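Biologist: I have a new model open on my screen and would like to go through it with you. Could you show me how each label is earned?

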Amino acid sequence: MPDYQYIGKHVNRVDGNAIVTGRTQFIDDILLPGMLFGRVLKSPYAHANILNINTEKAKALPGVKAVLTYETVPNWMCGLPHHRRVLDRRLRFVGDSVALVAATSTEIADEALKLIEVEYEELPFVLDCEEALKDGAPRIYDQFENNEFTPGNPIFSKEPFKRIERGDIEKGFAEADYIAEGYYCYDRLPHPLPPECPCVIAKWTGPRALTLWYNGSAPHLQKINTESSIPGAVVRVVSVHSGGSYGSKQLIPLLALQATALSQVANKAVRIMMDKKDHFNSYEVRMGSRIRGKVSMRKDGIVNALQGMWYVDSGMSSTYAQAQIAVGLGEAQVFLGKCQNWDLDSKLVATNHIPAAPIRGFGGQELKGALIPLVCSVARKAGFDPVEIFKKNFVAKGDGYIWRDFKWWDVKSINYVPCMEEASRKFGWKDKWKGWEVPTSVVGNKAIGVGVGVHGNADIGEDPTEAFVKLHMFGNVTIECCIGESGMAQRHAAQKMVAEVMKVPFDSVQVVDPDTHFTPYDAGLIGSRGTITIGTACVRAANDARNKLLAKASKLLHLPVEELDTENYTLFPKGNPGMRLPWIAITGTPEITITGEGVYEQNFDKPNFAIYFAEVEVNLDTGEAKLISALEGSDVGQIIDPINLKMQMEGSFGAAGADTAFFEEGIIDQHTGRIMNGNMIDYKWRTFNEFPKFDTVILESQFDSEAFRALGFGEISGSPAPSAILMAISNAIGVEVNQYPATPEVILRALGEVR
Amino acid sequence: MNEKIRICINDVNRSFTVGEDEGYVLPSETLLQTLRNRLGLTGTKQGCDQGACGNCTVIMDGNAIASCMVLTADCDDRSVTTIEGLEDPVTGELNPLQKAFVDNSAFQCGFCTPGIIMSAKALLDNNPCPTDDEVMESLSGNYCRCISHYQVVEAIHAVIEKGGVNYAGLSIHWQACKPR
């Protein structure tokens with residue numbers, strides 16, 4: 001194992017002091033001169049037309065500077081493909097936008113909302129995605145027949161990737177030894193629920209020039225998104241330190257357009273910051289996922305055929321669900337890497353509830369929540385231990401898959417079997433696993449069971465990154481790369497990598513603030529991509545800068561470049577490390593920077609990996625299930641920072657991850673379409689005193705990656721957890737439980753104690 | 001009727017007039033709004049504004065409270081400490097609790113961190129040698145979604161083992177704890 005100065009060792013984040021003193025500037029702390037505060041009137045109906053809307057009284061309220069309705073907003077659209085207007089006459093869920101107000105304070109804007117008079121025409125609505133597909137179901141968009149969104153994401157591939165068709169499915173089933181069919185759902189609309197609500201500040205700085213400040217960490221993607229909605233606009237996006245996102249705030253298409261529209265009318269900066277009520281009830285949740293499918297297995301434990309329909313419920317809008325489907329289909333093949341016969345189709349469906357959008361797990365967690373139980377149903381028939389099945393079937397070097405670009409990728413470098421074995425050993429799986437629907441132990445009314453799940457995602461190599469590394473001759477280094485901060489310490493990782501290449505103190509390396517005007521393209525903190533993509537671009541840029549510095553020194557000193565080295569802002573011949581020149585002596589002036597450039601282009605030849613073990617205790621009298629301990633394992637190639645990596649693993653509890661198996665769900669009143677638990681008291685979340693023992697296993701197999709042989713990890717940590725927990729509960733109680741979340745009611749029903 | 005109130009905030013006596021006129025503290029104004037919008041003490045965060053997430057936790061008369069659930073007009077004669085009040089006022093040195101949070105990487109996005117630190121500070125001020133259960137219980141009203149809980153507990157243990165949250169010179173609760 002290589003011994004680095006910074007890589008693989010923990011150093012404190014340079015922004016730690018600001019965080020613990022409350023000095024970190026979050027978006028709610030930004031007050032621009034003359035800034036107005038925007039608020040949005042929300043629809044009380046799941047499906048309705050606006051018949052009349054009267055804003056006169058609202059406009060007359062002192063302090064109100066702009067009021068917009070569907071009749072007066074610009075005709076900008078967002079969504080994929082464009083289908084969502086800034087404001088529409090048709091309202092498609094409880095919480096849809098009816099009108100916009102900008103005022104000198106949030107309180108005045110809220111008062112103004114109450115003065116807007118609206119006459120609605122209620123329409124029939126549909127909340128269930130399979131009902132929505134049926135003939136005669138209420139039509140939600142004129143352009144989407146049967147409420148099916150147009151498939152495919154044109155940025156990923158020309159032809160939509162919405163179905164895996166490989167091999168010969170009938171032949172596969174014919175050759176199989178075990179076949180199972182089933183219907184599994186992971187569709188309870190849990191909320192990612194970052195503590196800080198989504199927010200944007202929009203300000204027009206010229207007739208075409210618009211600046212957006214937002215609390216997401218994918219500013220270049222947001223720039224492209226808004227520019228595609230407003231023809232001719234030149235958009236600058238500033239990413240402000242984010243109070244948690246988990247994917248959910250990286251793109252804010254509608255919010256950005258609404259603030260922009262108000263800013264245009266009022267000719268002032270306009271901020272729209274959701275309050276928790278809006279955040280809960282009218283922002284975005286995890287998409288619904290159901291599989292009706294058939295799966296087969298050979299005697300040797302290889303899953304050899306999978307057929308099915310994957311229903312994806314995106315609620316009233318699709319921000320990017322087609323992309324999530326493409327990635328989810330790729331991840332299915334990562335999971336079943338030896339399967340040669342596929343027919344897995346998908347339908348992306350509109351319904352009249354809160355929209356779904358990208359959240360940590362990005363299609364893969366949603367698919368896995370349903371797919372792993374389906375695959376386990378055949379493993380159960382065959383009597384296999386699930387860990388053995390995962391070991392036999394997970395993709396490895398030499399296998400391949402169709403990834404989201406609809407192209408075939410041969411898998412390189414990785415093999416996760418050793419990690420599965422090590423994690424299984426540390427968890428004590430072989431002792432605890434007693435068979436399908438067999439408890440590990442029962443004492444009195446307490447039954448204990450264990451479960452396991454896996455996940456992997458090749459999006460760790462997605463999308464390009466460009467970076468500059470600048471050497472300043474008095475002895476410091478800047479990284480010009482668009483890296484935001486929403487908790488994952490990616491800026492910290494880039495600092496460490498560049499410090500390692502340049503052999504300079506870590507804290508003398510500065511990362512510029514993420515701003516599309518000042519930094520070249522990067523797609524943002526999504527899909528665990530930062531380690532490889534940002535890492536590779538920064539390492540290449542640092543090496544480029546280092547080479548340029550050494551070339552200059554070579555000329556000056558008449559020594560070959562290969563004989564020179566640099567360390568701690570000095571330069572020296574390798575043969576005579578005592579003879580050192582400061583950098584400034586190489587250029588002779590501080591009025592010069594040496595700039596290295598690094599470009600990364602996307603590559604999908606390696607998925608990352610997570611295995612999650614859960615040990616659950618169920619009270620057989622009350623049906624209450626409790627996590628006693630959990631363990632997550634991965635092989636990350638090379639650790640960049642051990643504590644930050646461990647915290648990403650612990651993050652499996654957050655962002656609608658593991659606890660979607662226990663208690664996290666959005667509960668919708670079927671009669672009105674209204675979310676009934678849309679607040680932080682009724683929506684259940686795990687409190688400090690409920691965190692169980694959590695272990696990790698991290699291997700470092702030095703995979704083929706230019707970012708110090710490291711792979712990204714963070715996004716996937718929660719993805720294998722829900723199915724593992726459901727398996728543990730099933731084993732504890734001796735009956736298969738198929739419903740998320742497994743609340744006491746669900747468990748007692750499975751036990752036949754209640755109907 | 002305009003009413004004058006006095007609140008000691010981070011050891012500074014502040015006085016406000018409650019009333020409807022411009023610039024006055026509205027009767028409906030929460031302590032959170034006063035701290036953030038009027039005094040620029042933006043280290044205290046607004047999370048849910050419903051008293052459920054603990055992001056806005058401050059210490060009032062020795063107890064951790066949700067500042068979004070308290071009206072400023074009701075705070076006459078109270079003493080309030082915010083995250084900005086924890087550093088040594090003379091040297092600017094971090095409070096040992098803050099330092100332990102840095103040294104133990106007890107944060108990810110950091111939005112909930114000030115609230116968690118204030119809850120922990122209130123606990124350790126009142127109970128310098130808490131049990132694990134008491135630590136967990138005292139933080140159970142603080143929401144953190146990145147899941148920094150395990151590192152937070154490490155940080156708090158580190159402080160307990162070192163003897164407390166107050167500076168030696170200013171300490172009223174200084175007391176060495178037995179190692180756990």
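**Strands, cores and contacts**

Modeller: Gladly, and let us start with one residue pair: Ala48(A) stands opposite Leu91(A) in β6(A). Please keep in mind that this is a predicted model.

Biologist: What makes β2 (residues 48-54) of chain A and β6(A) a pair?

Modeller: Pairing takes at least two bridges between the strands. Two bridges join β2(A) to β6(A), and the strands run antiparallel, so the requirement is met.

Biologist: Which sheet do they belong to, and what is the strand order?

Modeller: They sit in an open sheet of three strands, ordered β6-β2-β8 (chain A), with antiparallel pairing.

Biologist: Why are β6 (90-91) and β8 (117-122) of chain A placed at the edges?

Modeller: Each has a single partner strand, so one side of each is left without a neighbour in the sheet.

Biologist: Which strands form the five-stranded sheet of chain A, and in what order?

Modeller: That open sheet has the order β20-β21-β29-β30-β31 (chain A), and its pairing is mixed. Here β20 (441-443) and β31 (693-699) of chain A are the edge strands, because each has a single partner strand. On average, neighbouring strands of this sheet are turned by 15° against each other, direction ignored.

Biologist: How do you know that β21 (residues 446-455) and β29 (residues 610-619) of chain A are paired?

Modeller: Set their 10 bridges, in the antiparallel sense, against the minimum of two, and they therefore count as paired. In β29(A), Phe613(A) is the bridge partner of Val452(A).

Biologist: Which residues have the most contacts inside the largest nonpolar core?

Modeller: Phe613(A) is among them, along with Val200(A), Val498(A), Cys538(A), Ala614(A), Ile725(A) and Ile729(A); the core has 297 residues. Its largest share, 11 residues, comes from helix α15 (residues 530-557) of chain A.

Biologist: What does Val498(A) touch beyond its sequence neighbours?

Modeller: Leaving out residues up to four places away in sequence, Val498(A) touches Val469(A), Val477(A), Ile479(A), Val509(A), Cys538(A) and Ala542(A).

Biologist: Over to chain B. Why is Gly115(B) called buried?

Modeller: The label needs 20 or more other C-beta atoms within 10 Å. Gly115(B) has 30, so it qualifies as buried. This glycine lies in helix α3 (residues 113-126) of chain B.

Biologist: What is Gly115(B) in contact with, leaving aside neighbours within four places in sequence?

Modeller: Lys45(B), Gly54(B), Asn55(B), Cys56(B), Thr57(B) and Asn142(B). As for Asn126(B), its C-alpha is 17 Å from that of Gly115(B), with the two positions 11 residues apart in sequence numbering.

Biologist: What makes you call α2(B) mostly covered?

Modeller: Six of its eight residues are buried. The buried ones are Pro96(B), Leu97(B), Gln98(B), Ala100(B), Phe101(B) and Val102(B). Their cover includes α1 (16-21) of chain A together with α3 and α5 of chain B. Just after α2(B), Ser105(B) takes a positive phi of about 45°.

Biologist: How many residues does each chain bring to the contact between A and B?

Modeller: The contact takes 42 residues from chain B and 42 residues from chain A. On the chain B side, α2 (96-103), α3, α4 (132-138) and α5 (149-162) each supply at least two residues. The most come from α2(B), with four residues. By class, that side has 19 nonpolar, 17 polar and six charged residues.

Biologist: Where are the domains of chain B, and how many residues of each are in contact with the other?

Modeller: Domain 1 covers 3-85 and domain 2 covers 96-162. Their C-alpha centres lie 22 Å apart. In the contact, 15 residues of domain 1 of chain B meet 14 residues of domain 2 of chain B. On the domain 1 side, β3 (57-60) and β4 (63-66) of chain B give two or more residues each, and β3(B) gives the most, with three.

Biologist: What about domain 1 and domain 2 of chain A, how many residues are in contact there?

Modeller: There, 16 residues of domain 1 of chain A are in contact with 14 residues of domain 2 of chain A, while 39 Å separate the domain centres, taken over C-alpha atoms. The domain 1 side has six nonpolar, seven polar and three charged residues.

Technical notes
Residues are numbered from 1 along each chain as its sequence is written. Chains are lettered from A and ligands numbered from 1 in the order in which they are written. This is a predicted model: local features need pLDDT of at least 70, side-chain atom pairs count only at pLDDT 80 or more; totals for chains, interfaces and linings use all residues. A residue is buried if 20 or more other C-beta atoms lie within 10 Å of its own, exposed if 12 or fewer, and partly exposed in between; C-beta atoms are placed from the backbone. Two residues are in contact if their C-beta atoms, placed from the backbone, lie within 7 Å. A nonpolar core is a set of buried Ala, Val, Leu, Ile, Met, Phe, Trp, Tyr and Cys residues joined through C-beta atoms within 7 Å. Axes are lines fitted to C-alpha atoms, for helices over the stretch in contact, and angles run from 0 to 180 degrees between N-to-C directions. Ala, Val, Leu, Ile, Met, Phe, Trp, Tyr, Cys and Pro count as nonpolar, Asp, Glu, Lys and Arg as charged, and the others, Gly among them, as polar. Domain bounds come from an automatic or database domain assignment.
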